[in-house]
Amino acid sequence: VVDRRALESEQRAVPVDADAESAVELALLGRPVPGLEISITDPATGEPCKDRQVGELRIAGNSLTVGYYNQPEATAELITDGWLNTGDLAYTVGGELVVCGRIKDVIIVGGRNIYPQDIEVVAGEVDGVRTGNVIAFGIEGRQGAQDIIVVAESKATDQGDVEREVTRRVTESVGIPPKKVILVQAGSVPKTSSGKLQRSACRLQYLADELDLLEPV
C-alpha cells in the first residue's frame, strides 16, 4: 500500500496506511525464479533505480527470446546488453517485484503519471457500467498535456446520468476530470484473446471515430 501522489508525481513508492486518503494497493509479486534476473532502470537515463523508485522493468536469464525474427531494429530496441526491456513500469521492495503499469499506457498530466487502471476501476464501479469493460487512455491536449478519455461498455438507458457519475468518480479519485466519457455497446471494448484490455487499440478506434457507440434511448 503506497501513496498515490508520490507514485504519480515523484515515481516513488512511499508506504502509507491502507486507510490513508491517497492510498493505492499494488500486488507484491515476489522474487525472480531461478535462472532469471530483474533490473529496474530509469527509462530516460538507463541508470539503475533504487528500492521503491519506479522505472522500467528489465529481465535477463535462460528462458527469454533472443529477438524478433528478421527484425534487427525491433530486436535492438527490445534487448539491450542482454537485458529484455519489458515496457513495464515497476519497482522493487527488498528484492521483490511490484508492477505499476505499462509505459505506453501511462497518461501524463501536469507532470503526473496517471495509471489508467486506477481510472478504470472507479469508473467500473458506477451503476450502468459493465465492470471490467472500461478503458482509459490519453490523447494529446493543449500545451503538451494529455487529455483523459474514458470508454465504457454500458446497457444503461440514462446515459447522461452514467456519464456524469463516471466523470464525478474519476475526478474525485485522480483529481482530474476526463475530457470525455464515451459509452459503447456491450462486447465492443477491444480485448486480447485472453481477456486483457487493449488500450492502444481502443485509442486508435477513438481517433478513427470507429467506436461502437451506445445508441440513444
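Buried means a relative accessible area under 20%, while exposed means over 50% and partly exposed lies in between, using a 1.4 Å probe and protein chains only. Helices (H or I, at least four residues) and strands (E, at least two) are DSSP runs, numbered from the N terminus.

Before you start clicking: this is a predicted model, in which local features need pLDDT of at least 70, side-chain atom pairs count only at pLDDT 80 or more, and totals for chains, interfaces and linings use all residues. Residues are numbered from 1 along each chain as its sequence is written, and side-chain values use heavy atoms, with hydrogens and water left out.

**Stop one: strand β12**

Select residues 180–184, which form strand β12. Four of these five residues are buried, so the strand is largely enclosed by the rest of the structure. Now add β11, residues 146–154: the two strands run parallel and are joined by five bridges. Strands count as paired if DSSP finds at least two bridges between them. To see one match-up, show Ala152, which stands opposite Leu183 of β12. Next, follow the chain from β11 through helix α4 (residues 159–174) to β12; this β-α-β crossover is right-handed. That term applies if, with the strands pointing away from the viewer, the path from the first strand over the helix to the second runs clockwise.

**Stop two: Ser22**

Move to the loop between α1 (4–9) and β2 (23–24), where you will find Ser22. Is Ser22 buried or exposed? With 9% relative accessibility, Ser22 counts as buried. Show side chains here: that of Ser22 makes a polar contact with the side chain of Asp3 at 2.3 Å, and another with the side chain of Arg5 at 3.1 Å. A polar contact is a pair of N or O atoms within 3.5 Å; within protein, one must be able to donate a hydrogen and the other to accept it, and residues adjacent in sequence count only if both atoms are side-chain atoms.

**Stop three: Val106**

Val106 sits in the loop between β7 (96–102) and β8 (107–109). Val106 is buried, at 10% relative accessible area. Leaving aside residues up to four places away in sequence, Val106 touches Leu89, Asn113, Ile114, Tyr115, Pro116 and Gln146, where contact means heavy atoms within 4.5 Å.

**Last stop: the cysteines**

How many disulfides does a search of the whole structure find? The result is zero, a disulfide being a pair of cysteine sulfur atoms within 2.5 Å. Select Cys100: the closest cysteine sulfur to its own is in Cys49, 11 Å away, too far for a bond. Cys100 is buried at 3% relative accessibility, and Cys202 is buried at 0%.
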